[in-house]
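Please open the model in your viewer and keep the sequence panel beside it, so that each selection can be followed in both. The tour goes from one helix pair to the next and ends at a cavity.

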Amino acid sequence: MDPAAEEARHLGLRFQRGFLAGRQLGAFPWPGMSSLPAELAGSNRYSRDRFIVSSLDAKNRPPPQHSPVDSCTPAPREAQTELTGEQQQLTHRGEDTTELEKKLKSSSDALLLLDILQKTILHPLCLKYPPSLKYRRCFISELIKKHESVATEPLDELYDVLADILNKEESTNCYKSYLLPTGDSVTLSETVAIISQGTTGLVTWDAALYLAEWAIENSAIFNNRTVLELGSGIGLTGIAICKTCNPKTYVFSDYHHCVLEQLRENIHLNGFVLESETENHTKMQSQSQRAEVMDLQGPKITVAELDWDSVAEEQLSELQADVVIAADVVYDPQITLSLIGVLQQLSISKTVGKPPEIYIAFTVRNPDTYHLFQTELDKVGIGWQVVPTHTKNLFLYDLHSNITLLKLLA
């Protein structure tokens, strides 16, 4: 392959992974990042450890109430309702963009920009499941700025895409797609705002990406086993495991009704059918059709509504989980105590054989909350050990996130 074409292909692929997942523009190797709006250029001044909802006109309002068993996802302490998912990440694990930035800044070859365009905005996944309109508008504007900064002929393709975007209306929801090593992908419908419907559970958080990476690298733990996920949110970790780790049964769970609704939608979006739907659908099929479905359907998937404060030991025992996982469920003292109660029940819920293996991934935002979690585990006789970091970096998330994965020991 021609060196210039190979360079364009390599750079395009680096852009592709971040773009399809709606990663913040500040994470891309744009030359002259200072020209970007602060909220898209990489400003990370919003903490996720406080839950204060404020409008852009600075009119203060009381924070919404967050149920102790709400979506089991972190409640930001400083977040604006307009803050979008692509604003969350600034620097990503394993991404050294210095050399790419030099190439992009110095190159005047239109081939490079066209390749980036084809692998991002014009990628089939983006055309079918597009990131937010604002995100795409800012992205194509940066490509055009790059093109206009060098003395070349106009590229009609860039302006055609911009015109198409400008003619569309923004939605409260968008799509994000995460590329898997199998060549498949996980596509999720998420809210544009971090806080929506009184919950932070309608977007994907870093610990879910981290846990999914670790699971893919350690797929034998999940192979042909029954997996229960606590606080599934909108489904990134679980769907990735169902697509790559061959579980026998996967039980998603959460509590907030809007999160459960979005979770079911995303499970369907990725080609899976819930177990209850499979039973009804099978009754209407011929024997040959049923055999074909059994070959292709993959794991048995269910979605459970679990209230950590009232779930009965019998309900957990009936699930017969071999493995229990959770991502970003340790962020609030009250929720932590509810979680400990569920973990205690799970540690004795296996009526036959040994208790399930339990893995909890979370971002350490407040050391006091982390230490409380460890202390409460010790009080109920549940040991723990830190799981070493995995080696493969499949997804993009904040380099500075202090993410820990614990294996609990009954």
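In this predicted model, begin by selecting helix α6, residues 133-148, together with helix α7, residues 156-166, and turn the view until you can see that α6 passes α7 in a left-handed crossing. The axes of these two helices come within 10 Å and cross at roughly 155°, and because angles over 145 degrees count as roughly antiparallel, α6 is roughly antiparallel to α7.

Now show the side chains where the two helices meet. On the α6 side, select Leu 133, Arg 136, Arg 137, Ile 140, Ser 141, Leu 143, Ile 144, His 147 and Glu 148; on the α7 side, the partners are Leu 158, Tyr 159, Val 161, Leu 162, Ile 165 and Leu 166. Coloured by class, the residues of this contact between α6 and α7 divide into ten nonpolar, two polar and three charged.

Keep α6 on screen and add helix α4, residues 110-119, which packs with α6 at an angle of about 170°, the axes lying 11 Å apart. With that angle, α4 and α6 are roughly antiparallel to each other. From α4, the residues to select are Leu 113, Ile 116 and Leu 117, while α6 contributes Phe 139, Ile 140, Leu 143, Lys 146 and His 147. By class, this contact of α4 with α6 has six nonpolar residues, one polar and one charged. Ile 140, Leu 143 and His 147 of α6 deserve a second look, since they are listed in the contact with α7 and also in the contact with α4.

Next, move along the sequence to helix α14, residues 333-347, and helix α15, residues 367-379, which pack at an angle of about 30° with their axes 10 Å apart. That angle makes α14 roughly parallel to α15, and α14 passes α15 in a right-handed crossing. Select Pro 333, Thr 336, Leu 337, Leu 339, Ile 340 and Leu 343 in α14, and then Thr 369, Leu 372, Phe 373, Glu 376 and Leu 377 in α15, which they meet. The contact of α14 with α15 has eight nonpolar, two polar and one charged residues.

Finally, look for internal space: how many cavities of 30 Å³ or more does the structure hold? There are four, and the largest has a volume of about 110 Å³. To find the largest cavity, select Trp 205, Ala 208, Ser 232, Gly 233 and Ile 234, which lie nearest its centre among the 15 residues that line it. The lining of this largest cavity comprises six nonpolar, seven polar and two charged residues.

Key. Residues are numbered from 1 along each chain as its sequence is written. This is a predicted model: local features need pLDDT of at least 70, side-chain atom pairs count only at pLDDT 80 or more; totals for chains, interfaces and linings use all residues. Side-chain values use heavy atoms; hydrogens and water are left out. Axes are lines fitted to C-alpha atoms, for helices over the stretch in contact, and angles run from 0 to 180 degrees between N-to-C directions. Helices (H or I, at least four residues) and strands (E, at least two) are DSSP runs, numbered from the N terminus. Angles under 35 degrees count as roughly parallel, over 145 as roughly antiparallel, 65 to 115 as roughly perpendicular and the rest as oblique. A crossing is left-handed if the near helix is turned anticlockwise from the far one by less than a right angle, and right-handed if clockwise. Contact means heavy atoms within 4.5 Å. Ala, Val, Leu, Ile, Met, Phe, Trp, Tyr, Cys and Pro count as nonpolar, Asp, Glu, Lys and Arg as charged, and the others, Gly among them, as polar. On a 1 Å grid over the protein atoms alone, a cavity is a set of points where a 1.4 Å probe fits but cannot get out, and a pocket is an open set with protein on both sides within 12 Å along at least five of seven lines; lining residues have an atom within 4 Å of a point. Grid points are joined across faces, edges and corners, and a volume is the space filled by probe spheres set on the points.
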